[in-house]
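Work through these exercises with the structure open beside you. Try each task before reading its solution.

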Amino acid sequence: MRLQLVVLDNLIWLILILFFLVNVFFTPNFLSYGNIVNIFYHSTILSMLVLAQGLVLLTGNIDLSIESTLAFAPAIAMLLSTKWLPGGLNPYLAILVTLTVGGLVGLFNGVSVTKLGINSFIHTLSILIILRGLTLFFVPFAIYKLSGTYTFLGRARAFADIPVAVIFTLFVFFTLHIVLKNTPFGRYVLATGGNPRASYISGIDTDKMVIVIFLFAGALAAVAGMLAAGRQDAVNNTMGKDMVLLSFAGAILGGTTLSGGRGTALGMLGGALLLGMISNSLTLIGINVFLLYATYGILIFFAVLLDRFKVKLRELLFHRENMRTLRELETAPRGK
Amino acid sequence: MKSAEGEQAAEGRVILRLDGITKLYPGSIALYDARMDVREGEVHGIIGKNGAGKSTLVNVVSGITPPTGGIIEIGGDRYSSLTRQRAKRKGIAIVTQEPEVVPDFTVAENLFFPDYLRRPGGRIMWGDINREAGRMMEQAGLRVNVLAKMSDLPLSEQQLVLVAKAFYLEKAKIIILDEVTASLSSKDAAFLYEIIAAQKRGGKAILFISHHMGEILEICDRVTVLRDGQTVATEERKTLDRHRLSLFIVGGEDLAGGSEGGAAVSRVKTGDPVLTVKGLTRAGAFYDLSFDLRGGEILGIAGLRGSGRTELLKAIAGVDRVDEGRIFVKGEERAFRSPAEAFAGGVVYLPENRDREGLIENQSVRENLSLSSLKHLTRGAFINKREELKAVEGLIDMLSIVTPSPEQEVRNLSGGNRQKVVVGKIFAARPLVYLLDEPTRGIDIGAKKSILAIIKERLASRAGVIMTAPGLEDLVSVCDRILVLCGGRVVNEFYRGAFGERELYLAIHGMDRARAV
């Protein structure tokens, strides 16, 4: 039973492998080095959002604003670079500005949710709309031809033609995974989501945990924006639109619960990769882009279904174990 | 039909029979082959340790939980499982341990919810509801304003309202009271006993769950004892005494010895106090409280619910605020604005409600135990897993926590063991002061003795301890000193060796507010 439990907790990887194999046999042009790399590359932007959402979900909150921060943060940096500052902006500073803006948005979210007690869904919903509106207002469709330094993260390729973005993403995920599992901070975050009241009484500064996570989520959204800007060598005002819902799908597919307190960073990576793989394979098959869009909706439904399924399966496993124990009790002589 | 003679159990016919009831949960067997029969007009007690299966059993009877196996027979009809609706229709009402109410609804609405009185079209008849509710409260002898919001009532009264609902409104034939007295003040409990006696004469059957032997022996006609999910005995009350009953409950040693209050001499405490409180006040809760606590000393705070004892602990611990007064830890003045600050300052708090405020339910025993002491278990920035496991196993051993493994989810443990996990967690934090808020609340005798021993021998060996308790016996058995609070003020102080039960009892009720003036 122990093995079955392990498989259940890492179900996303099983699904990934299965889906991968299905595609190897049935999807044209799937199994090529270039395509596999492509899957990873195209997953990077969404995976940053999945990670951001997943972390916020761990604390028992929701962040709807990340897709707008994705556009807003690079927009501010690029506007400073091209229109607002006469001398332009040093590209390294531009990167710093992007991250700072993202972090500040996150900080604002965290403080509002904890100190002002505003429900995270409602608050981040308003930020989602405000930032998108501001981005649409300030950015006239698109700013292009960005500096090479700025687009490095999103565009450049390293050894074996592997994009820097992929290496960077994997690095971020692995680091977060270790932090969540092996540091007191990580445990406090999970505890805060699992039972905020008990965590507070146990001496954890739950407000601080939530604020830090929101701040980090904002920064991750900004990074996602940089990756997107790098890839298309432009900042446009509709970047990230409709991605926040997928960020939920990825996090939940990866084993993060909606109620908080449960989930792993690597699981979130798995969820994001699955989304990327599905998009890739359906595109290769040649499916209509609007149907592809509908598929995402199906995926979200499926993700929640999977969550329920896992809970039931877990109960079933324990139930079978109990029945086995019962049978042993019946055959063995009654003790104490 | 049947006649009820005096205090003898009525030879009423059997209206409920449980046959071979089994209930399995992930990770545990809650009930196994439980059997019981209940007669009309009797008060049938159900007693057992925590985790024995009492609540599970009555949840099966009332339809809250479907059993994994077995038959429920009500008035001749046999069922393999019940729903709450079906059980209601068959005349089974239940009052759960913690009042199940909708806090924002009025008392009247809570009484009728969800079976509102309706006009033929479907509209709710509020006027009738309010009137009927008022009449019901009068009939039950309760002075409650039915138009008040449920949350405005103290817990004790909420529970009484629900009891009245079960008896007078639902016209049930079988009424289940699940550890109801846990939420009642002693006056309200006495009132409850009166209602039970009256209802019994009317032919109703009452299932009374408790883990207090005294209570069970006082009001029940027959008693069924549960142990480890099995019904070990059903006896007439007249054949039972504390000794025999406790043998059934624990199946071994006699624990009815109880506390030999105040026998040992107080250990001499010297040195500066670890905690000093001066003029502590919080409007509406407690006023002008001052006392010292020395290292190694166990100070008890006695008082009725609402006397300020819980509020005092929460204020010192940084959970609630303080309006006036000063707190000194080891001579240094501190003002804790949150439990995090209190922990850092060496003051830890054991919450009254361990499930809601003490445990992360979906995490393992290990994760819960180490939560407050993670900072001591790190190497650099990372948690040293081996140290953590060693510390956790040490705690499990020392506190005799029953769990198949440290990775077991805490929600699958029994009540007494969950409490031990919370105690273990704060113990590992190595503080200067322990603030224990009802550490033995809702725990069976065996685990209670265990925890009291731990407090006396372990916690007090390192630090100062302040504890409150629902009953006097616990304080009398371990404390060096007892402060009595009444109405938020200190009314008396007792030293070990001079713990007179009567004096303490009187002191607690010092400023007696007559019921419903």
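The exercises below treat a predicted model, moving from a helix pair to a chain contact and then to sheets.

**Exercise 1. Describe how helix α4 and helix α5 of chain A pack against each other.**

Solution.
- Step 1: locate the helices. α4(A) covers residues 66-84 and α5(A) covers residues 91-114.
- Step 2: take the geometry. Their axes come within 8 Å and cross at roughly 140°.
- Step 3: classify the angle. Only angles over 145 degrees count as roughly antiparallel. The crossing therefore makes α4(A) oblique to α5(A).
- Step 4: give the hand. The crossing of α4(A) past α5(A) is right-handed.
- Step 5: find the touching residues. The α4(A) side includes Phe72(A), Ile76(A) and Leu80(A). The α5(A) side includes Val97(A), Val101(A) and Val105(A).
- Step 6: sort the contact by class. The residues are 10 nonpolar and 4 polar, with no charged ones.

**Exercise 2. State which elements of chain A give two or more residues to the side that touches chain B, and how that side divides by class.**

Solution.
- Step 1: count both sides. In chain A, 26 residues are in contact with 30 residues of chain B.
- Step 2: name the elements. α9 (184-194), α10 (196-201) and α14 (289-331) of chain A each give two or more residues.
- Step 3: pick the main contributor. α14(A) gives the most, with 7 residues.
- Step 4: divide by class. The chain A side has 8 nonpolar, 11 polar and 7 charged residues.

**Exercise 3. Lay out the domains of chain B.**

Solution.
- Step 1: read the assignment. Domain 1 of chain B is 8-89 + 207-250, and domain 2 is 273-508.
- Step 2: place them relative to each other. Their centres, taken over C-alpha atoms, are separated by 34 Å.

**Exercise 4. Work out the strand order and edges of the open sheet of 4 strands in chain B.**

Solution.
- Step 1: write the order. It is β12-β11-β14-β15 (chain B), with antiparallel pairing.
- Step 2: mark the edges. β12 (286-294) and β15 (332-334) of chain B each pair on one side only.
- Step 3: add the twist. Neighbouring strands are turned by 20° against each other on average, direction ignored.
- Step 4: check one pair. β11(B), residues 273-282, joins β12(B) through 6 bridges. Thr276(B) has Asp292(B) in β12(B) as its bridge partner.
- Step 5: add the helix. α9(B), residues 309-316, packs on this sheet and touches β11, β12 and β14 (324-329) of chain B. The direction of α9(B) makes about 115° with that of β11(B).

**Exercise 5. Analyse the open sheet of 6 strands in chain B: which strands stand at the edges, and which helices pack on it?**

Solution.
- Step 1: write the order. It is β16-β19-β20-β13-β21-β22 (chain B), and the pairing is mixed.
- Step 2: find the edges. β16 (347-350) and β22 of chain B each have a single partner strand, so one side of each lacks a neighbour in the sheet.
- Step 3: add the twist. It averages 20° from one strand to the next.
- Step 4: take the parallel pair. β16(B) and β19(B), residues 433-436, share 4 bridges. Here Tyr349(B) stands opposite Leu435(B).
- Step 5: add the helices. α9(B) touches β13, β16, β19, β20 and β21 of chain B. α15(B), residues 445-462, touches β13, β19 and β20 of chain B. Against β20(B), the direction of α9(B) makes about 145°, and that of α15(B) about 140°.
- Step 6: take the antiparallel pair. β21(B) and β22(B) are joined by 6 bridges, with Arg481(B) opposite Tyr495(B). They form a hairpin with 2 residues between them. In the turn, Gly487(B) has a positive phi of about 60°.

Terms used. Residues numbered from 1 in each chain as written. Chains lettered and ligands numbered in written order. Predicted model: local features only at pLDDT ≥ 70, side-chain atom pairs only at ≥ 80, totals over all residues. Axes fitted to C-alpha atoms, helices over the stretch in contact; angles between N-to-C directions. Parallel < 35°, antiparallel > 145°, perpendicular 65-115°, else oblique. Left-handed = near helix turned anticlockwise from the far one by under 90°. Contact = placed C-beta atoms within 7 Å. Nonpolar A, V, L, I, M, F, W, Y, C, P; charged D, E, K, R; others polar. Pairing = 2+ DSSP bridges. Domains from an automatic or database assignment.
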